[in-house]
Amino acid sequence: MTTAAKQRVLIAGATGYLGGFVVREFKSRGYHVRALARSPHKLDPLKNEIDEIVTGEITDPDSIKDVCEGIDVVFSSVGITKQKTKLTFKDVDYQGNMNLLKAAKSAGVKKFIYVSVLNGPKLPHLAIVKAHEDFVDELKASGMDYAILRPTGYFSDMGEFFDMARKGRVYLFGSGDNSVNPIHGADLAVSCVDAVEGHQQEIDVGGPQVLTWREVAELAFDVQGKQVKITSVPVWLIKFAVKVTKLFNRHQGELLAFVSTMMTSNVVAPATGTRTLKEHYKALQI
Ligand SMILES: NC(=O)c1ccc[n+]([C@@H]2O[C@H](COP(=O)([O-])OP(=O)(O)OC[C@H]3O[C@@H](n4cnc5c(N)ncnc54)[C@H](OP(=O)(O)O)[C@@H]3O)[C@@H](O)[C@H]2O)c1
């Protein structure tokens, strides 16, 4: 590949939490940054970091068929997280990224960087993870050079504990005794851009500090100077809630199944980065 200074990257997902940090990281390393968005106004806060904006809807192949022209590297962190939508994980996380891969292949893109989920291959029963990993399988088979990042939980999601603590009580799924090393988007962005320049194709990545889920909750109270109040929701009750929610709203039920699986597992990956959750929570308090 050519040197970083001459490379052109297309970033899909730039309007999201991770994608915003990835835009900044690519730009700071001298890449020419093209961002794909369905709602370009959402990129206003990043306008000084972006060289070109292209408008397109990843689930509509015609709207993105030319977006990779002249591009060396595609990065995608497009996926349904909390968005309320009629589209499924398969529609967006799998098929949307497949549409982008097709456009990348026909434009002669050299490398595709994709963000899945830690332990993805072991969790095919979770719809969100299956959609990610089905795309990963297609990417591996595509013949294009690739790198797949499988991160732990993002600091953005750890904000949920901060919000619950602010309201006075944190609800943990299960005992909270399992561990996680969550990661700041800026630290993960460094690994994403390193992946372009390196040769490792599957990269598990977490943040610098391992905490139990209970410690994550306690930290959220501690930083706000509040008394710790934690309720553990028993696993049997969560399983029941997942089943019932799926009956009425399959998508929400699948999200609940994903979150509860994470919170009742060890979500620990090789550590990177420097930003701590305590600093993040302190920043949320301002
Ligand atoms: N959060 C975590 O802890 C975590 C952990 C491991 C892996 N991941 C994965 O990392 C990826 C990025 O996460 P994130 O927290 O940065 O997500 P995010 O903030 O919700 O951003 C998601 C991005 O995907 C785009 N998107 C979603 N639905 C779309 C649709 N129907 N059509 C077009 N674009 C759509 C969003 O665009 P709009 O702004 O237009 O909606 C946004 O740019 C996701 O695939 C997620 O599953 C997350």
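The questions and answers below cover cores, single residues and a surface patch in a predicted model.

Residues are numbered from 1 along each chain as its sequence is written. Local features need pLDDT of at least 70 and side-chain atom pairs count only at pLDDT 80 or more, totals for chains, interfaces and linings use all residues, and side-chain values use heavy atoms, with hydrogens and water left out.

User: How many residues does the largest nonpolar core have?
Analyst: A nonpolar core is a set of buried Ala, Val, Leu, Ile, Met, Phe, Trp, Tyr and Cys residues joined through side-chain atoms within 4.5 Å. Buried means under 20% relative accessible area, exposed over 50%, partly exposed in between (1.4 Å probe, protein chains only). Residues with the most contacts inside the largest core include Leu10, Cys68 and Tyr281. Its size is 67 residues.

User: Which helix gives the largest share of this core?
Analyst: Helices (H or I, at least four residues) and strands (E, at least two) are DSSP runs, numbered from the N terminus. The largest share is 8 residues. These come from residues 89–106, helix α2.

User: How many residues are in the second, separate core?
Analyst: This core includes Ile11, Phe26, Val73 and Ala189. Its count is 30 residues.

User: Which residues does Cys68 touch, beyond those up to four places away in sequence?
Analyst: Contact means heavy atoms within 4.5 Å. Cys68 is among the residues with the most contacts inside the largest core. Its partners are Leu10, Arg34, Val74, Leu100, Ala103, Ala104, Ala107 and Val109.

User: Is Asn99 buried or exposed?
Analyst: Asn99 sits in helix α2. Outside its neighbours within four places in sequence, Asn99 contacts Ile58, Thr59, Asp60, Pro61 and Ile64. Its relative accessible area is 11%, so Asn99 is buried.

User: What is the relative accessibility of Ser179?
Analyst: Ser179 belongs to strand β8 (residues 179–180). Its contacts beyond four places in sequence include Trp213 and Asn266. Ser179 counts as buried, at 17%.

User: How far apart in space are Gln83 and Asp177, C-alpha to C-alpha?
Analyst: Gln83 lies in the loop between β4 (73–76) and α2. Gln83 is partly exposed, at 35% relative accessible area. In sequence, Gln83 and Asp177 are 94 residues apart; in space, C-alpha to C-alpha, 29 Å.

User: What is the area of the nonpolar surface patch made by Trp236, Leu237, Phe240, Val244, Leu247 and Phe248?
Analyst: Patch residues have over 30% relative accessible area and no salt bridge (a side-chain nitrogen of Lys or Arg within 4 Å of a carboxyl oxygen of Asp or Glu); like charges are joined within 9 Å, nonpolar side chains (Val, Leu, Ile, Met, Phe, Trp, Tyr) within 5 Å. Areas come from the Shrake-Rupley method with a 1.4 Å probe; for residues, only the protein chains shown count as cover. Leu237, in helix α7 (residues 235–248), is partly exposed at 34%. The patch area is about 730 Å².
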